[in-house]
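Trainee: Got a minute? I'd like to walk through this model with you before I head back to the bench.
Mentor: Sure, pull it up and ask away.

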Amino acid sequence: MTNLKAVFDQQKVFMPFIVADDPDVETTVKSIVTLAENGADVVELGLPFSDPVADGPVIQAADLRAFKAGVKTATVFEIVEQVRTQTAVPIVLLTYVNLVYKYGYDAFCQRCQQLDISGLVIPDLPLEENAELKAIATKHHVALVPLIAPTSGKRITKIAAQATGFIYVVSAMGVTGQREQFSKQLATTIAQIRAVTTVPVAIGFGIHSPQQAHELGQLADGIIIGSAIVKLMAAQPVDLQAQLANYAQSIKQALS
Ligand SMILES: O=P(O)(O)OC[C@@H](O)[C@@H](O)c1c[nH]c2ccccc12
């Protein structure tokens, strides 16, 4: 299994996010490979969900395209299976907990292990409720990546202290999507995390420009970009792969 910490130790990590089966399996597979070949150090792959409370309009629209294509959890694993014939890029899945529960915690984590999926990011699974899944994920060497917001307050140290893989620092409250400003509190939050763990920290929510990637990359060990990339996919241009390649290169360059 790919060790996420080792990936973060080697470089400032650029982690693009796309939605599985948006708009079809072939495009998702191709796009992951393109991103991996053009600077993505880890790819975050989203499982489309019917009630994505933390997702903004761009990602919700991508979920709808995937549902139109008939996406199921099994489709997501099929996509990764195809990707694995072409690249060993580290992959984490972004999913709401209900999808994992329905598939079966053990079956889900076992499939992740088989496909070298390094971690799970589950925005609606609070620390207080993660014990059962965490034990099963750990058994299969899959990291359960916690999310921390600047508003997490006193819970920051508690969440950080038990983190594995990396810590997803949400740059702001609200839903995913592009933002122009980032809170000054981010630096404080990251300092609080650093005080209790050496687990790497990645910032996501709102990042879209190389300049932002550069600035936030100074604060953290990596950055995550979703909506800006999903927006490129939404337009379905004929040269999508070239556009993804250019964008990924520009972000990776700004980070290093
Ligand atoms: O789209 P943005 O603002 O670039 O943020 C990343 C984000 O899309 C991705 O990590 C993500 C997609 N869905 C989520 C739900 C919760 C937390 C994070 C996410």
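Trainee: Which residues come nearest to the ligand?
Mentor: Keep in mind that this is a predicted model. There are 19 residues around the ligand, and the ones that come nearest are Ala54, Pro123, Thr176, Gly226 and Ser227.

Trainee: And which elements give two or more residues to that shell?
Mentor: Strand E2 (43–46), strand E9 (222–225) and H11 do.

Trainee: What's the shell like by class?
Mentor: It has 10 nonpolar residues, 7 polar and 2 charged.

Trainee: OK, H11 then. At what angle do H11 and H12 pack?
Mentor: Helix H11 covers residues 227–234 and helix H12 covers 240–255; they pack at about 160°, and their axes are 10 Å apart.

Trainee: Are H11 and H12 roughly parallel or antiparallel?
Mentor: Roughly antiparallel, because angles over 145 degrees count that way. The H11 and H12 crossing is right-handed.

Trainee: Which residues meet there?
Mentor: From H11 you have Ile229, Leu232 and Met233, and from H12 they meet Leu240, Gln243, Leu244 and Tyr247. That contact between H11 and H12 splits into 6 nonpolar residues, 1 polar and no charged.

Trainee: H12 has another partner, H2. How do the axes of H2 and H12 cross?
Mentor: At roughly 30°, with the axes of H2 and H12 coming within 9 Å. That angle makes H2 roughly parallel to H12. The handedness of the H2 and H12 crossing is right-handed.

Trainee: What makes the contact of H2 and H12?
Mentor: On the H2 side it's Lys30, Ser31, Thr34 and Leu35, and on the H12 side Gln241, Leu244, Ala245 and Ala248. By class, the contact of H2 with H12 has 4 nonpolar, 3 polar and 1 charged. Leu244 is worth clicking on: it is in the H12 contact with H11, and it also turns up in the contact with H2.

Trainee: Changing topic: what's the strand order in the sheet?
Mentor: It's an open sheet of 9 strands, ordered E5-E4-E3-E2-E1-E9-E8-E7-E6, and the pairing is parallel. The edges are strand E5 (143–145) and strand E6 (147–148), each pairing on one side only.

Trainee: Over how many bridges do E8 and E9 pair?
Mentor: Strand E8, residues 201–204, pairs with E9 over 2 bridges in the parallel sense. If you want one to look at, Ala202 has Gly222 in E9 as its bridge partner.

Trainee: Now the backbone. Where is the cis peptide bond?
Mentor: Between Asp22 and Pro23, with omega about -5°. Pro23 is in the loop between strand E1 (13–19) and helix H2 (25–37).

Trainee: And what is phi for Asp116?
Mentor: It's near 55°, so to speak a positive value in a residue other than glycine. You'll find Asp116 in the loop between helix H6 (105–114) and strand E4 (117–121).

Trainee: Last one, since you mention H6: how far apart are the axes of H6 and H7?
Mentor: Helix H7 is residues 131–139, and its axis is 9 Å from that of H6, at an angle of about 35°. The H6 and H7 crossing is right-handed. Tyr105, Asp106 and Cys109 in H6 meet Glu132, Leu133, Ile136 and Ala137 in H7. That gives 5 nonpolar residues, no polar and 2 charged in the contact of H6 with H7.

Trainee: Great, thanks!

Terms used: Residues are numbered from 1 along each chain as its sequence is written. This is a predicted model: local features need pLDDT of at least 70, side-chain atom pairs count only at pLDDT 80 or more; totals for chains, interfaces and linings use all residues. Axes are lines fitted to C-alpha atoms, for helices over the stretch in contact, and angles run from 0 to 180 degrees between N-to-C directions. Helices (H or I, at least four residues) and strands (E, at least two) are DSSP runs, numbered from the N terminus. Angles under 35 degrees count as roughly parallel, over 145 as roughly antiparallel, 65 to 115 as roughly perpendicular and the rest as oblique. A crossing is left-handed if the near helix is turned anticlockwise from the far one by less than a right angle, and right-handed if clockwise. Two residues are in contact if their C-beta atoms, placed from the backbone, lie within 7 Å. Ala, Val, Leu, Ile, Met, Phe, Trp, Tyr, Cys and Pro count as nonpolar, Asp, Glu, Lys and Arg as charged, and the others, Gly among them, as polar. A residue is near a molecule or strand if its C-beta atom, placed from the backbone, lies within 6 Å of it. Two strands pair if DSSP finds at least two bridges between them.
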